[in-house]
Amino acid sequence: MKKGIILYFTGDKKNKSDADYKTAINTLNISADMVEIVSRDTGHFSISDAWWFLTSRGMQEIICQKACFNQTGRIEFFGERLRLCG
């Protein structure tokens, strides 16, 4: 079963670019076939948009997790994971 993860970023990104998000995500060792970003400045603008994108790419299990950048620029997760399908 293909697995997709939606990272829902809250707060200000403090001048982060698409490359900064992708680099930070690559350091997390997330075991998923696809990772999509939802934030006000980068990636998808809504969870439903990211969900549709992942389902259209064949993802059968989709998890949504809230995240933010801490003071050092690393990604921190908070809250519970939400299983959207699968």
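This report walks through the strand pairing, the nonpolar cores and the aromatic pairs of the structure above.

The model is predicted: local features need pLDDT of at least 70, side-chain atom pairs count only at pLDDT 80 or more, and totals for chains, interfaces and linings use all residues. Residues are numbered from 1 along each chain as its sequence is written, and side-chain values use heavy atoms, with hydrogens and water left out.

**Strand 1 and its partners**

A good place to start is strand 1, residues 3-9. Helices (H or I, at least four residues) and strands (E, at least two) are DSSP runs, numbered from the N terminus. Of the 7 residues in strand 1, 5 are buried; that word stands for under 20% relative accessible area, with exposed over 50% and partly exposed in between (1.4 Å probe, protein chains only).

Two strands pair if DSSP finds at least two bridges between them. Strand 1 pairs in the parallel sense with strand 3 (residues 61-69) over 7 bridges, and Y8 stands opposite K66 in strand 3. Strand 1 also pairs in the parallel sense with strand 2 (residues 34-38), here over 5 bridges; L7 stands opposite I37 in that strand.

**The nonpolar cores**

A nonpolar core is a set of buried Ala, Val, Leu, Ile, Met, Phe, Trp, Tyr and Cys residues joined through side-chain atoms within 4.5 Å. The largest one has 11 residues, including I5, L7, F9, I37 and F69. Strand 1, helix 1 (18-26) and strand 3 each give two or more residues to this core. Apart from it lies another core of 7 residues, among them A50, L54, I62 and C64.

Back in the largest core, which residues does I37 touch, not counting those up to four places away in sequence? Its contacts (heavy atoms within 4.5 Å) are L7, F9, Y21, I25, T42, G43 and H44.

**Aromatic pairs**

Rings of Phe, Tyr and Trp (its six-membered ring) pair if their centres lie within 6.5 Å; planes under 30 degrees apart count as stacked, over 60 as edge-to-face and the rest as tilted. By this rule there are 2 aromatic pairs.

| Pair | Centres apart | Angle of planes | Class |
|---|---|---|---|
| F9 and F69 | 5.3 Å | 20 degrees | stacked |
| W51 and W52 | 6.3 Å | 50 degrees | tilted |

The F9 and F69 pair links distant parts of the chain, since F9 in strand 1 and F69 in strand 3 are 60 residues apart. F9 is buried, at a relative accessible area of 7%, and F69 is buried at 13%. As for the tryptophans, W51 counts as partly exposed at 31% relative accessibility, and W52 counts as exposed at 57%.
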